[in-house]
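Open the model in your viewer and keep the selection box at hand. The tour goes stop by stop, starting with empty space inside the protein.

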Amino acid sequence: MILTGALLAGLLTAPATPTDTWTVKAPAGGPVATVHLDPQGSPSVAVSRGGAAVLAPSPLGVTTEQADLTTGLSLTGRSSRLAVEKYSTTAGKRLDRLSVMNETRFRFTRGDVKLDLVVRAARDGVAYRYELPGAGAVLGEASAFAVPAGSTAWLAGHRRDYENPFIQYADVPPAEYQLPALFGVGQNYLLLAESALNGSYTGPHLVSDQGTYKIALWDARVPYDHGLTTPWRVMVTGDLTTVTESTLVDDLAPGSRLADTSWIKPGKVLWSWLAGGRSVQQSLERQKEFVDYAAQHRWPYVLVDAGWYDDPVTGERAWTDRTADFTWIPQLVEYGRTHGVGIMVWLRFSDFDTHDKRVQRFGLLRQWGVKGVKLDFIDSEAQERLQWYDGTLRDLADNQLMVNFHGSTVPKGINRTWPHVMSMEGVHGAEKSSNLTTSHLAALPYTRNEIGSMDYTPMAFQRPSRPTSDAHELALSVVFESGLTNLAGSLEAYRARPEAERFLDQVPTVWDETRLLSGRPADHTVMARRSGDRWFIGAGVSGAARTLQVPTGFLRGRWLVEVTRDGADGLVREAHVVHGGTLAVEVPAEGGFAAIACRWRPGLTTCAR
């Protein structure tokens, strides 16, 4: 919760002054937001860091059915406070968080219509949102981002399910793009994102025009009845390490709505869709084989995907009154229970589109003993669909079901507010059979996965279209973060790679700490994540073979580092004892490596437990 007392003793409330420019500075360094009101009463915001411009003056304001609140505004007052929050999450870059931000509220009016602009500045970025009293409807925002000329961009074209690849641009063509969006601005990086989106508003995307990226809303009219607080427009900024390790999107989101999270247990999921498609999802015997494998390797979950509730008589692909009678899922759940493996199931959005359906059907799944669900084909950020998310999240929590959303929006602080959200798709992922490149994979840690858990579904070793080497693919279990990591390999592909099995059996899906060791968007990533007293390192490159120089100074003292890399005849494992300095690892074209680090002692030859 936000701390009070001495921390807020510096609370400032001031009437309007002739000054038309104000600054909001991050505590202990970081970016500075400059808010300006021009002679026409039009507000704007600019962001700088270390004296260098990161965002040029960019327009602010909203248009409602009552008034155009993008111009003709007068400042009637402002107040400032220090906002400090400690909280924990169930998944993400690190479980325990501390957020420290300076906040200033600007109170504007146009005639008798009020608009509050709330600006926050943190070590890792700046954010703002609007607040409106009473009832009305938003017709649009003036909100836009003027990115300095000469900036490199990493963008994905707008698509309702967020499943387009990220591409690097020197010159960005006019088009519609999705959030998040990343820019290299001089020595800094700027990630545009959103936080705290829910059914009170509507989703955005970016429309580019010569370096300015305007917020376009999904709905042309967004009604509200009892005041409106819009989502945060987020600008994460700093060097690449600061941006990649930032939790600002989560920090800005509302706190957890769940009092009890003891039933939420992230973990690895053995997923059979890319290992056999629909026919495997319709076979109890085949699914038992996956349970057997998961039990052998102590992977906690198996996911049964699309097709399991297709009617065997009519072939209808929808949940009907007969579903509970013919499905074998309860048998699989019981088989999994006796083997220590939980079962999760895929569901089609349209079969759970009302509260009554969800109450009855989620209740049935809980009665069977299902641990979580994958809800698919949501495909919208309209206000009506966001209200569906709000209701569905409550209904899932009531039935203690974890969830992975597919065909969905992307995380915008959702795991902090609803801790049973373990992952979301919203990514051009491993299911894509074409246009999947290592340059896209090397952009994801700094773009889509920067803002929250991402269900890329790695480990499809059996797919010939995969762009990665075996070691690069294995490294994605660390490079990419997801509370539920759906591993997409076939049983035969895993068994043919015992070193991959060995690593995957040890790698967790939740982390106490995350560090970017080396990287460049669309070029390469070396990511380290800590779980307890061990570090896991994943690295992948796009393009030519090279030697990666991995800094190991973050490991205090002597450590044993077991590296699994590409060899001439498959994956090979080698051990190194390090004490500061760097570790050189050769990787082939499109290659990478995966590693485990543990504290060394005389005689220790492995980190395995």
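What volume does the largest cavity have? About 230 Å³. Bear in mind throughout that this is a predicted model.

**Stop 1: the largest cavity**

Select L197, N198, D390, I414 and W418. Of the 18 lining residues, these lie nearest the centre of the largest cavity. Now colour helices α8 (383-398) and α9 (414-417). Each supplies at least two residues of this lining. Helix α8 gives the largest share, 4 residues. Switch to colouring by class: the lining has 11 nonpolar, 4 polar and 3 charged residues.

Before moving on, select A196. This residue sits in the loop between β18 (188-195) and β19 (204-209). Check its backbone: phi is near 65°, a positive value in a residue other than glycine. Most residues other than glycine have a negative phi, and most peptide bonds are trans. Is A196 buried or exposed? A196 is buried, with a relative accessible area of 16%; the cut-off for buried is under 20%.

**Stop 2: the second largest cavity**

The structure holds 10 cavities of 30 Å³ or more. Go to the second largest, with about 180 Å³ of space. Select G92, D250, I451, G452 and S453; among the 23 residues of the lining, these lie nearest the centre. Then show α2 (248-251), α9 and β29 (421-424), the elements that give two or more residues to this lining. Which of them provides the largest share? Strand β29 does, with 4 residues. By class, the lining of the second largest cavity has 9 nonpolar, 9 polar and 5 charged residues. Helix α9 is worth a second look, since α9 also supplies at least two residues to the lining of the largest cavity.

**Stop 3: T457**

Select T457, in the loop between α10 (438-441) and α11 (470-479). T457 is buried, with a relative accessible area of 1%. Add E425 and draw a distance between the C-alpha atoms. The separation is 9.0 Å, for residues 32 apart along the chain.

**Stop 4: aromatic rings**

Show the side chains of Phe, Tyr and Trp. The count comes to 26 aromatic pairs. Begin with W308 and Y309. Their rings are edge-to-face, 4.9 Å centre to centre with 80° between the planes. Both W308 and Y309 are buried.

Next, select F352 and F362. How are these two rings arranged? They are stacked, with 5.2 Å between centres and 15° between the planes. The F352–F362 pair links distant parts of the chain: F352 is in the loop between β26 (342-348) and α7 (355-368), while F362 is in helix α7, 10 residues apart. F352 and F362 are both buried.

Now widen the selection to W308, Y309, W319, W346, F352, F362, W368 and F377. Ring pairs link these residues into a cluster.

**Stop 5: charges over rings**

Select K288 and Y335. The charged end of K288 sits over the Y335 ring, 5.0 Å from its centre. Then jump to R416 and Y87. R416 lies over the face of Y87, at 3.8 Å from the ring centre.

**Stop 6: helix α4**

Select residues 284-297, helix α4. This helix has 14 residues. From first C-alpha to last, α4 reaches 20 Å, close to the 20 Å expected at 1.5 Å a residue. Which residues of α4 are buried? They are L284, Q287, F290, V291, Y293, A294 and H297. Look down the axis with these shown as sticks. An α-helix has 3.6 residues a turn, so residues three or four places apart point the same way. Step past the end of α4 to R298, where phi is positive, near 60°.

**Stop 7: two more backbone details**

Select L179 and P180. A cis peptide bond joins them, with omega about 10°. P180 lies in the loop between β16 (176-177) and β17 (181-185).

Finish at A522, in the loop between β31 (513-520) and β32 (524-531). What is the phi of A522? Phi is near 70°, a positive value in a residue other than glycine. A522 is buried, with a relative accessible area of 17%.

How values were computed: Residues are numbered from 1 along each chain as its sequence is written. Side-chain values use heavy atoms; hydrogens and water are left out. Rings of Phe, Tyr and Trp (its six-membered ring) pair if their centres lie within 6.5 Å; planes under 30 degrees apart count as stacked, over 60 as edge-to-face and the rest as tilted. Buried means under 20% relative accessible area, exposed over 50%, partly exposed in between (1.4 Å probe, protein chains only). A charge sits over a ring if NZ of Lys or CZ of Arg is within 6 Å of the ring centre and within 35 degrees of the ring normal. On a 1 Å grid over the protein atoms alone, a cavity is a set of points where a 1.4 Å probe fits but cannot get out, and a pocket is an open set with protein on both sides within 12 Å along at least five of seven lines; lining residues have an atom within 4 Å of a point. Grid points are joined across faces, edges and corners, and a volume is the space filled by probe spheres set on the points. Ala, Val, Leu, Ile, Met, Phe, Trp, Tyr, Cys and Pro count as nonpolar, Asp, Glu, Lys and Arg as charged, and the others, Gly among them, as polar. The expected span of a helix is 1.5 Å times one less than its number of residues.
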